[in-house]
Amino acid sequence: MTRVLSVRSVFPPHRYPQAQITEALVRCLPPGADAALLRRVHASARVGHRHLALPLERYGPDSDFGTTNALFLRTALELGAEAVGGALAGAGLAAPEIGLVLSTTVTGLATPSLEARLVSRTGLRPGVRRVPLFGLGCAAGAAGLGMLHEQLAGRPGQAALLLSTELCSLTLQPTDTSMANLVAGALFGDGCGALVAVGAEHPRHDGAGGGGPWVVDARGRLYPGTEHLLGWDIGHWGLRMVLGRELPGLVGLHVAEEVESFLAGHDLKPADIDVWICHPGGPKLLDVLAGSLGLPGHALAASRRSLASVGNLSSASVLHILGAVQAAGPPAPGSTGLMLAFGPGFASELVLLRW
C-alpha cells in the first residue's frame, strides 16, 4: 500500500474576515443589484476567514483574463515552492528523491505547467516523471492521491509528490450577479497543498516518524447527464462559475450510494469510518451528505472547521483537512479514514485510508 509521509498547506499572506470580503464585493456590484442578497449568501456560507492571492483593494471589475492569469502564475509558483519544500522537509526526503510529481489546478492556465516551472526552483530532478492535471476541479485532491497510489503500485520503490494549487479568488467575476457567482464569492478561498507519499518497497514505507496513513484503495465515478451542473464557462472574461441548484440533491441521491458501495467492497459501512476527510463544498452539501449517510454530528467536524477557517480551497481542501487531522495528533493505529470529494463531471472521488 502507498504510505503518506507528510502533507503541508500554505496560504497567501492576505487574510480577511468574511464580513470584510462581503462589503468589498458589495462595492463592486453594478447599479441596481441586490446587495442584501449578496450579504445573505455570504452570511449563510459559514466561512469565518479566507486567504486571498491579492490585497482586497486590488479586486475589482476591470481585471482582464490575461492580467489575472499572470497574477495566478506568479503567486502559484511562490506558494507551490513553499508547499513542496515544507512537504519534503516533513517527509525527511530531499527533492531529487522524488520520482513522480502530479500537480493539479483548475483556477489558472500555465504551459509549461506549474510543476515543470517548479523543477529547478525546488531542486526536483529534470528527469522526474510529471503528470499535470486540469479540469477535475474540487475532486482533484482526492483524485490525485488515488492516482498517486495507482502509479506507486507500479513503482513501489519510488517517492511521489502531489501538488494542489488553487487561487479561486482570481476567477471571481465581481459584477456577475448570478447565484452561482454569488455563492462562489461567498465560499472559495486561496491556498496550496503538497503531499509526499512512498510505495510499498520504499525504505520509509514502514518506518517510524512518518505518521501518515496508508492508502488502501481509491475509486472515481462519473454520473452521466450531469455535465452541465458544475464547471467553468470560459470566455474572454476568463473563468465563470457554473453551479447547478441540483447539486445537493445529487450528492444525497448518488454520492451516498457510491460511498456505501465502495466501502462494502472492503466489508465496511459508513459507521465503521473513524476519520472523514470530506471536501467542504459548502454547508448545505455537508449537511446533505451527513444526513444521507446517517453520520453523527461530529463526523464532518474537520471539514466544517476547514471551511470556517480558510473557505473552500477547491482541490486543496482535502489536503488541508488531512494535514489538520495529522497535526491534531494522528488517529490511533488501526483507524480507518475516507477521503471524499466531488467535482465537474459531475463526479465523485473516494480514497480509503488506514492508520
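# A first look at salt bridges, cysteines and backbone turns

Arg 130 forms a salt bridge with Glu 115, and their closest N and O atoms are 2.6 Å apart. Arg 130 belongs to strand 5 (residues 129-134) and Glu 115 to helix 4 (residues 114-122), so this pair ties together parts that are 15 residues apart in sequence. Welcome to the structure; please keep in mind that the model is predicted. The pair is a good starting point, and the notes below go on to other salt bridges, the cysteines and some special spots in the backbone.

**Salt bridges**

- How many salt bridges does the structure hold? The count is 8, and the pair of Arg 130 and Glu 115 is one of them.
- Side chains of opposite charge can pair when their charged atoms come close.
- The two partners in the opening pair sit in unlike surroundings: Arg 130 is partly exposed, with a relative accessible area of 39%, whereas Glu 115 counts as buried at 1% relative accessibility.
- Another salt bridge joins the side chains of Glu 258 and Arg 221, at 2.9 Å from N to O. This pair links distant parts of the chain, with Glu 258 in helix 7 (residues 247-264) and Arg 221 in strand 8 (residues 214-222), 37 residues apart.
- Is Glu 258 buried or exposed? Glu 258 is buried, with a relative accessible area of 6%, while its partner Arg 221 is partly exposed, at 38%.
- Arg 240 forms a salt bridge with Asp 233, and here the closest N and O atoms are 3.8 Å apart. Arg 240 is partly exposed, with a relative accessible area of 26%, and Asp 233 is partly exposed too, with a relative accessible area of 32%.
- Salt bridges can also join into a network, as they do for Arg 46, Asp 287 and Arg 304. Arg 46 comes up again below, under the backbone.

**Cysteines without disulfides**

- A disulfide is a covalent bond between the sulfur atoms of two cysteines.
- How many disulfides does a search of the whole structure find? The search finds 0.
- Cys 192 is in no disulfide, and the nearest cysteine sulfur, that of Cys 168, is 12 Å away. Cys 192 is also buried, with a relative accessible area of 2%.
- Why is there no bond between Cys 278 and Cys 138? The closest cysteine sulfur to that of Cys 278 is in Cys 138, and at 11 Å it is too far for a bond, because a disulfide needs the two sulfur atoms within 2.5 Å.
- Cys 278 is buried, with a relative accessible area of 0%.

**The annotated position, Cys 138**

- An unreviewed UniProt entry carries the annotation "active site", and this annotation covers Cys 138.
- Where does Cys 138 lie? Cys 138 is found in the loop between strand 5 and helix 5 (140-154). Strand 5 is also home to Arg 130 from the opening pair.
- At 13% relative accessibility, Cys 138 counts as buried.
- Leaving aside residues up to four places away in sequence, Cys 138 touches Phe 188, His 279, Asn 312, Ser 314, Ser 315, Ala 341, Phe 342, Gly 343 and Pro 344.

**Special spots in the backbone**

- The peptide bond from Thr 111 to Pro 112 is cis, with omega near 5°. Pro 112 sits in the loop between strand 4 (98-105) and helix 4, and helix 4 is where Glu 115 is found.
- A cis peptide bond also runs from Gly 345 to Phe 346, with omega near -20°. Phe 346 lies in the loop between strand 12 (336-343) and strand 13 (347-354).
- Arg 46, a member of the salt-bridge network, has a positive phi of about 60° although it is not a glycine. Arg 46 is placed in the loop between helix 2 (35-44) and strand 3 (49-52), and at 48% relative accessibility Arg 46 counts as partly exposed.
- Ser 314 is a residue other than glycine that has a positive phi, near 55°. Its place is in the loop between helix 9 (301-310) and helix 10 (317-327).
- Ser 314 is buried, with a relative accessible area of 3%, and Ser 314 is among the residues that Cys 138 touches.

Conventions. Residues numbered from 1 in each chain as written. Predicted model: local features only at pLDDT ≥ 70, side-chain atom pairs only at ≥ 80, totals over all residues. Heavy atoms only, no water. Buried < 20%, exposed > 50% of the residue type's maximum accessible area, 1.4 Å probe, protein only. Salt bridge = Lys/Arg side-chain N within 4 Å of Asp/Glu carboxyl O. Helix = DSSP H or I, 4+ residues; strand = E, 2+ residues; numbered from the N terminus. UniProt positions renumbered as here; feature names shortened; annotations may be inferred. Contact = heavy atoms within 4.5 Å.
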